[in-house]
Every structure is written in C-alpha cells, then in structure tokens.
Amino acid sequence: MGIPQQRERVTVDGLGNVGVGKYTETVEKSGKSGIMKTTNRIMNITVSSIENRHTGKGNPNAIITFGVEFNNRQKKLLEQLSEFDSRVVVGKKRVNMADLSALTAYTGDEFAAFTKGRDRLIIRGNSSMVNLDTEHARELAKQGYRWSGHTHPGTDMNCLMPSSGDKAVLLELSQNTSVIYNSKGQFATFERE
C-alpha cells in the first residue's frame, strides 16, 4: 500500500514488542517459512498475507459481486442439487443457510432447508419458487421437520420479504418464525400471520 513499515510496532505472540535491532528476520515473502531470531529465542514462523487467508471463497457476497468460487462443501451440494426440485438429505453440520445463499448467488435459484434431528433436507427451486405447497409442508411436519429457512435471489432488501406462500408453509409447519436469505448472505426473520 506504499506505507513504510514501522519495525518498532512489530509484535510476536508471547514476546511482546520486538523492536528494531532486536531480531533478524529471514522470512522474505508471503507464504514462505523461515526463522526469526530474538534476543533469547529462535522460532520458525510462516508469514501469509491477508489475501491468502481471506479469499472470500464460499462467501455469498463475494460470489455474486466478484465471481469468487464456492467452497468444496458448496460444490458437492450443488452437484447433488443439479436441477429444479432436486432434493437431498445431508448431515445438519454439512450445510448452513450461508451455503444456500452462496448457491442462490451462483444459480439465481431459491433453495429451502428443513431440519429434523441431525439431518437437513435441502430442496432446489427455480428463480421464483421452491416446489412446496401446503400439502407437502403438512407431510414434512408429520415427519418431524422444521423449516430452517430459504433463499430468495436478489441483492436488495425487498427480496427478504416473505410471500403469502412462505407464510402459508410456515403455518402448516406450526412454526412462528423462519428466515429468508438473499444472494448476498443478508437475512431477515419473518413470522406467520
């Protein structure tokens, strides 16, 4: 960024400030390993730049804004949900609403998640709906599922508004609230009427 380095502000965990002349640094570039010598200690360090650690990979906003890639979990999920009305049951810890928001950012389609115990049922919709009516919602409720949330394509706050169909499904599942995520990963909670 063109700002000169101020060595007197350099700190190392456990050592505090390591001022000018108190150490020799052999690490030259980001991502390389090397040895840092201090007055009393020698330690191996690895320097990595912010770009290496925070790539935005899998982040819905980075996907829709900059075309960043999915993470591996999201890639696998999209392979399993390749077309409209595809359904898959996965472990609860293997998918979250931010993942579905990332899929929406990439595909422009809605996705819905229903949770029962340790499992999540994920359903792929199209650009305007998930194929789930009140009868299907009643059946999911009988099976013990709860509506974790769903996505709406778009980046503004208007796409976080529930449709009358969303509220009807929530009523059939006997839930008071659920969430809607947009393509940027923003979300809003909505209530049944």
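This is a short walk through one protein chain, its strand pairing and its salt bridges. One thing up front: we're looking at a predicted model.

Okay, the overall picture. The protein chain has 193 residues, and 36% of them count as buried. You'll find 6 helices and 11 strands in there. If you take contacts between residues at least 6 apart in sequence, 50% of those join residues at least 24 apart. And the accessible surface of the chain is about 11900 Å², with carbon and sulfur atoms making up 47% of that.

Now let's go to the strands, and I'd like you to find E9, residues 146-151. Which strands does E9 pair with? On one hand there's E7, residues 111-116, which runs antiparallel to E9 and is joined to it by 4 bridges. If you want a landmark for that pairing, look at Phe114, which sits opposite Trp147 of E9. Then there's E10, residues 177-181, running parallel to E9 with 2 bridges between them. The landmark here is Thr151, whose bridge partner in E10 is Tyr181.

So how do you get from E9 to E10? Through helix H6, residues 164-172: E9, H6 and E10 together form a β-α-β unit, and the unit is right-handed.

Let's move on to charges. In general, side chains of opposite charge can pair when their charged atoms come close. In this model the salt bridge count comes to 5, and I'll show you some of them.

Start with Glu69 and Lys75, whose side chains meet at 3.6 Å, N to O. Glu69 is partly exposed at 48% relative accessible area, and Lys75 is partly exposed too, at 32%.

Next up, Asp85 and Arg87, with 3.1 Å from N to O. Again we have partly exposed partners: Asp85 at 27% relative accessibility and Arg87 at 37%.

Then have a look at Arg124 and Asp109, a salt bridge at 2.7 Å, N to O. This pair links distant parts of the chain, with the two positions 15 residues apart: Arg124 belongs to strand E8, residues 119-124, while Asp109 is in the loop between helix H4, 97-107, and E7. Are these two buried or exposed? Arg124 has a relative accessible area of 10% and Asp109 has 13%. Buried means under 20%, so both residues make the cut.

To wrap up, keep E9 in mind, with E7 antiparallel to it and E10 parallel, and the buried Arg124 in its salt bridge with Asp109.

Technical notes
Residues are numbered from 1 along each chain as its sequence is written. This is a predicted model: local features need pLDDT of at least 70, side-chain atom pairs count only at pLDDT 80 or more; totals for chains, interfaces and linings use all residues. Side-chain values use heavy atoms; hydrogens and water are left out. Two strands pair if DSSP finds at least two bridges between them. A crossover is right-handed if, with the strands pointing away from the viewer, the path from the first strand over the helix to the second runs clockwise. Buried means under 20% relative accessible area, exposed over 50%, partly exposed in between (1.4 Å probe, protein chains only). Contact means heavy atoms within 4.5 Å. Accessible areas come from the Shrake-Rupley method with a 1.4 Å probe; for residues, only the protein chains shown count as cover. A salt bridge is a side-chain nitrogen of Lys or Arg within 4 Å of a carboxyl oxygen of Asp or Glu.
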